[in-house]
Amino acid sequence: MTPGIVPPFLLDRLAQTDDPRLARAAAAARKTLALPRPPRPTRTRLRLSIEGDALVAETGPAPDRVISDAANTENLPGRRVRSEDDAPTGDSAVDEAYDGLGETYDFFWDAFARDGIDAAGGSLLATVHYGDDYDNAFWNGERMVFGDGDGDVFVGFTRSLSVIAHELGHGVTEAAGGLEYQGQSGALNESLSDVFGALAEQHHRGQRADEASWLIGAGIFAAAVQGEALRSMKAPGTAYDDDVLGKDPQPGHMRDYVETEDDNGGVHINSGIPNHAFYLAATALGGFAWERAGLIWYRTLTGGALSPTADFLAFASATLRTAATEYGEESEEVAAVRAAWAGVGVVKDAAA
């Protein structure tokens with residue numbers, strides 16, 4: 001199953017509603033669920049900065065963005081409509097995708113010196129206007145794909161930088177060796193994309209950990225929906241509570257872990273647990289979340305030692321090893337990471 005940011009259980013709820021006001025949204029959800037996902041098929045830039053009274057020029061990697069338009073069909077990649085250095089098109093989805101990919105690229109480069117999805121400057125490919133009232137966004141192994149939503153419940157997936165960065169994050173996870181999209185490893189796959197989505201948004205806004213919303217997908221719900229976003233890393237289970245969509249089912253602690261065969265073993269539900277662990281670590285350490293907590297999670301993913309079938313405990317142990325390597329066994333970083341995983345019940349206590 002290709003990862004999509006909207007979980008199937010939420011689309012199921014929407015597809016089953018008989019509220020006449022949401023007839024279009026229900027039909028869109030049914031079409032989105034029924035539509036099969038397509039098979040998976042170096043540049044430099046000048047940057048200027050000021051140091052004291054001096055203007056400093058330096059060159060560095062630049063993104064190579066290519067945005068295509070599927071024209072509300074399911075044909076990928078669609079017609080190329082904007083490439084790197086092209087002027088804005090006036091199509092909000094095209095220009096939002098272009099800008100969001102650039103902002104996400106800047107985050108990965110500034111925070112981790114990563115040159116794009118493959119760390120080698122490969123093109124950032126995206127398709128917008130996918131499908132007819134398509135209620136999702138996904139990574140297909142080659143490109144990021146964004147639907148326009150149905151207009152009544154979802155109003156466009158390029159409106160949220162955290163959504164764009166989430167999908168690009170799936171590409172980074174895949175390029176790093178991957179995490180199987182099933183059970184706890186699948187929930188970690190989803191969680192890492194949420195971590196990158198939140199961090200890219202915070203980096204773009206210049207927000208410290210205690211200033212951020214920690215919401216994923218803010219801005220993609222229509223005004224009538226009772227909810228802020230798809231997920232909350234700060235308070236899993238509180239992102240929405242709507243008559244049609246139901247209540248956000250994400251747990252934030254292992255005592256509430258959901259055993260299910262749906263959604264590849266609950267990958268979108270149980271991701272709330274590692275999501276909250278990251279939030280706890282980042283806010284305990286303070287400052288910009290990508291500088292320490294984010295670096296630990298990123299290096300754990302990309303260090304080459306993580307099993308594709310890692311469960312929560314294995315990933316927690318790996319983050320502790322990474323923190324110790326980066327900052328020392330007795331560091332506040334190790335203590336914060338250990339306390340975070342204890343706080344969500346993955347390890348037994350903060351001294352474990």
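Ala, Val, Leu, Ile, Met, Phe, Trp, Tyr, Cys and Pro count here as nonpolar, Asp, Glu, Lys and Arg as charged, and the others, Gly among them, as polar. The views below show a predicted model.

**View 1. Lining of the largest pocket in the predicted model.** The volume of the largest pocket is about 180 Å³. Its lining is made up of Asp 19, Arg 21, Leu 22, Asp 152, Val 153, Ala 224, Val 225, Gln 226, Asp 242, Asp 243 and Val 244. Sorted by class, the lining has five nonpolar, one polar and five charged residues. Gln 226 is one of the lining residues, and Gln counts as polar because it is in neither the nonpolar nor the charged list.

**View 2. The aromatic pair of Tyr 134 and Phe 138.** The structure holds 19 aromatic pairs. One of them joins Tyr 134 and Phe 138, with 6.1 Å from centre to centre and 75 degrees between the planes. The pair counts as edge-to-face because planes over 60 degrees apart are classed that way. Tyr 134 is buried, with a relative accessible area of 2%, and Phe 138 is buried as well, at 0%.

**View 3. A cluster of aromatic rings.** Trp 214, Phe 278, Tyr 279, Trp 297, Phe 315 and Trp 341 are linked into a cluster by ring pairs. Two residues named in this cluster, Trp 214 and Tyr 279, appear again in View 6 as contacts of Lys 234.

**View 4. Arginine charges over aromatic rings.** Arg 65 places its charged end over the ring of Tyr 98, 3.7 Å from the ring centre. The charged end of Arg 208 sits over the ring of Phe 288, and here the distance to the centre is 4.5 Å.

**View 5. Surroundings of Ser 193 in helix H5.** Helix H5 spans residues 183-205 and includes Ser 193. Ser 193 has a relative accessible area of 0% and is therefore buried, the limit being under 20%. Leaving aside residues up to four places away in sequence, Ser 193 touches His 166, Gly 169 and His 170.

**View 6. Lys 234 in a loop between two strands.** The loop that holds Lys 234 runs between strand S9 (231-232) and strand S10 (241-242). Lys 234 counts as partly exposed because its relative accessibility is 45%. Beyond residues up to four places away in sequence, Lys 234 touches Ser 213, Trp 214, His 276 and Tyr 279. Lys 234 and Leu 280 are 46 residues apart in sequence, and their C-alpha atoms are 8.0 Å apart in space.

Methods: Residues numbered from 1 in each chain as written. Predicted model: local features only at pLDDT ≥ 70, side-chain atom pairs only at ≥ 80, totals over all residues. Heavy atoms only, no water. Phe/Tyr/Trp six-rings, centres within 6.5 Å; stacked < 30°, edge-to-face > 60°. Buried < 20%, exposed > 50% of the residue type's maximum accessible area, 1.4 Å probe, protein only. Lys NZ or Arg CZ within 6 Å of the ring centre and 35° of its normal. 1 Å grid on protein atoms, 1.4 Å probe; cavity = no way out; pocket = protein on both sides within 12 Å on 5 of 7 lines; lining within 4 Å. Points joined across faces, edges and corners; volume = space filled by probe spheres on them. Helix = DSSP H or I, 4+ residues; strand = E, 2+ residues; numbered from the N terminus. Contact = heavy atoms within 4.5 Å.
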